[in-house]
Amino acid sequence: MIKIRNLHLSYGKSEILNIPSLDINTKKITALMGSNGSGKSTLIRVLSRLQSPDSGEISLWGENRPSLEMLRKICVLLPEPALLKRSVRENFKVILKSRNLLSEFDERTSEALALVGLDEKFLDKRHFELSSGQTQRIAFALALSLRAPFYLLDEPTNSVDIGTSKLFSKAINLMHERYGCGFVIASHDEKWLSMLANECVFLHKGRVCEFEYKNIFEIEGGVLSFGGGARLNLPSNFKGKSKITINPSKIKISKTGGEGQISGVLHSASLYMGDEKLLKVKVGDFLIKIFSHDDEITKIGERVFLKFEDGSMLALE
C-alpha cells in the first residue's frame with residue numbers, strides 16, 4: 001500500500017500537486033487519469049522518488065523512509081524512454097545484472113520480448129536501428145523482464161499503434177495474474193486504460209477528485225443550456241458561476257420520462273471499468289457521459305431520459 005498525506009508541490013506560484021490524502025493498493029492495476037497538466041506525470045515522478053515534493057509524506061509498504069532495497073522493487077517507465085547506446089542484448093544484461101538476475105537471462109528475455117510482440121532477433125539490434133515504436137516496446141520489455149512487485153508507467157503506449165497497445169494490455173494482465181505485479185498507469189488513452197484498470201484515481205489541477213470530470217459545461221445566469229430547447233435551471237448556489245461539471249455516476253437514465261428530467265438520444269455504449277458501462281447521450285448540441293450498470297439500455301438511437309441526482313453538479317469556475 002502507498003499512503004500519501006498532505007502532499008504539496010509547486011513550481012514558483014503554480015500549484016502542481018495538492019493531495020491531502022490518497023491510498024493506492026500496490027497489488028492492483030490503478031488508472032491515473034486527468035487532462036494534460038493535471039499532475040499525472042509529476043505524481044508518477046514523486047511516487048518513484050525521482051522528484052521530491054515541497055512537503056508531505058509518502059509511506060511505501062508501511063515505511064516513510066523506504067530503503068534502497070525497497071525502492072528497487074519499483075520499476076518506472078517514463079514517456080520517452082532511452083536505451084543504452086549498445087545492443088538490445090546488452091541492455092537486457094545491464095538491467096538484469098542490476099537485480100542479480102543475469103542467470104535467468106534466456107528465460108526472462110524470451111518471455112518479455114514475446115509479451116511485446118517481438119522475437120529474439122531483436123536482441124542483436126543496436127539502439128539506433130530501432131524505430132520509436134520499437135524502442136518503446138523494448139523499453140517496456142526491459143521493465144517486464146524484472147517482474148517487479150510494483151510498476152509506475154507513464155504513457156506506456158505513447159509511440160505505439162493500436163495493435164501494440166492491445167499487446168501491452170495483455171502483458172500487464174499476465175504480469176498481474178502470473179507474478180502478482182501491481183501497476184499505476186497514467187495515460188491519455190482513456191479507453192485503453194479504463195478497460196485495463198481495477199481502480200481509478202482522477203486528477204484535476206493537481207487535486208484528487210471525487211469523480212471524473214467527463215461532463216464539463218459552460219453556464220450563464222444559473223442556466224445550463226444544451227441547445228435545441230434543452231436547458232436546466234440550476235440551484236441558486238450556481239449563480240455567478242461560469243462552468244460546472246456533472247458526476248457521470250449520479251445521472252439516472254431511463255426509458256420513461258418524468259418531472260425534472262431531460263430527454264436525449266443514446267449515442268454510444270461501451271464497457272468502461274470492470275462491468276460498468278460508459279453511455280453517451282446526445283442532448284441538444286452536447287454529449288452527456290453516464291456510468292451505468294443498466295443492461296436494458298443499449299439500443300443506439302433510442303430515446304432516453306436523464307435525471308440529475310442531488311449533489312451531482314460541481315462548480316469549477
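This passage describes the overall make-up of a predicted model, followed by its helix packing, its nonpolar core and a few backbone details.

The chain contains seven helices and 19 strands. Its C-alpha atoms occupy a box of roughly 70 × 45 × 30 Å along the principal axes. Of the 317 residues in the chain, 46% are buried. Among contacts with a sequence separation of 6 or more, 68% join residues 24 or more positions apart.

A helix pair makes a convenient place to begin. Two packed helices are described by the angle between their axes and the distance between the axes. For helix α4 (residues 105-115) and helix α5 (residues 132-145), the angle is about 135° and the axes are 8 Å apart. The pair is therefore oblique, and α4 passes α5 in a right-handed crossing. On the α4 side, the meeting residues are Arg 108, Ala 112, Leu 113 and Leu 115, while α5 brings Ile 138, Ala 141, Leu 144 and Ser 145. Sorted by class, this contact comprises six nonpolar residues, one polar residue and one charged residue.

Burial in α4 takes in Phe 105, Arg 108, Thr 109, Glu 111, Ala 112, Leu 113 and Leu 115. The cover over these buried residues includes α3 (88-97), α5 and α6 (162-179). Just beyond the helix, Gly 117 adopts a positive phi of about 80°.

Helix α5 also deserves a look for Thr 135, which lies within it. The relative accessibility of Thr 135 is 14%, so this residue counts as buried, the cut-off being under 20%. Setting aside residues up to four places away in sequence, Thr 135 touches Pro 81, Leu 83 and Leu 130.

Attention now turns to the nonpolar interior. In soluble globular proteins, nonpolar side chains tend to be buried together. Here the largest nonpolar core has 50 residues, and the members touching the most others are Phe 92, Ile 138, Phe 140, Tyr 151, Ile 172, Phe 183 and Ile 185. Helix α5 gives the most to this core, with seven residues. Ile 138 thus appears in two settings, as part of the contact between α4 and α5 and as one of the core members touching the most others. The surroundings of Phe 183 can be listed in full: beyond its neighbours within four places in sequence, Phe 183 contacts Lys 28, Ile 29, Thr 30, Phe 150, Tyr 151, Leu 153, Ile 172, Met 175 and His 176. Of these contacts, Tyr 151 and Ile 172 are also among the core residues that touch the most other members.

Helix α1 (residues 40-47) offers another view of burial. Six of its eight residues are buried, so α1 is largely enclosed by the rest of the structure. The buried residues are Lys 40, Thr 42, Leu 43, Ile 44, Val 46 and Leu 47. Arg 49 follows just after α1, in the loop between α1 and β4 (55-60).

The backbone at Arg 49 leads to a last topic. Most residues other than glycine have a negative phi, and most peptide bonds are trans. Arg 49, however, has a phi near 70°. With 31% relative accessibility, Arg 49 counts as partly exposed. Asn 6 likewise has a positive phi, of about 50°, although it is not a glycine. This residue is found in strand β1 (residues 2-11), and its relative accessibility of 48% makes Asn 6 partly exposed.

Note on methods: Residues are numbered from 1 along each chain as its sequence is written. Side-chain values use heavy atoms; hydrogens and water are left out. Axes are lines fitted to C-alpha atoms, for helices over the stretch in contact, and angles run from 0 to 180 degrees between N-to-C directions. Helices (H or I, at least four residues) and strands (E, at least two) are DSSP runs, numbered from the N terminus. Angles under 35 degrees count as roughly parallel, over 145 as roughly antiparallel, 65 to 115 as roughly perpendicular and the rest as oblique. A crossing is left-handed if the near helix is turned anticlockwise from the far one by less than a right angle, and right-handed if clockwise. Contact means heavy atoms within 4.5 Å. Ala, Val, Leu, Ile, Met, Phe, Trp, Tyr, Cys and Pro count as nonpolar, Asp, Glu, Lys and Arg as charged, and the others, Gly among them, as polar. A nonpolar core is a set of buried Ala, Val, Leu, Ile, Met, Phe, Trp, Tyr and Cys residues joined through side-chain atoms within 4.5 Å. Buried means under 20% relative accessible area, exposed over 50%, partly exposed in between (1.4 Å probe, protein chains only).
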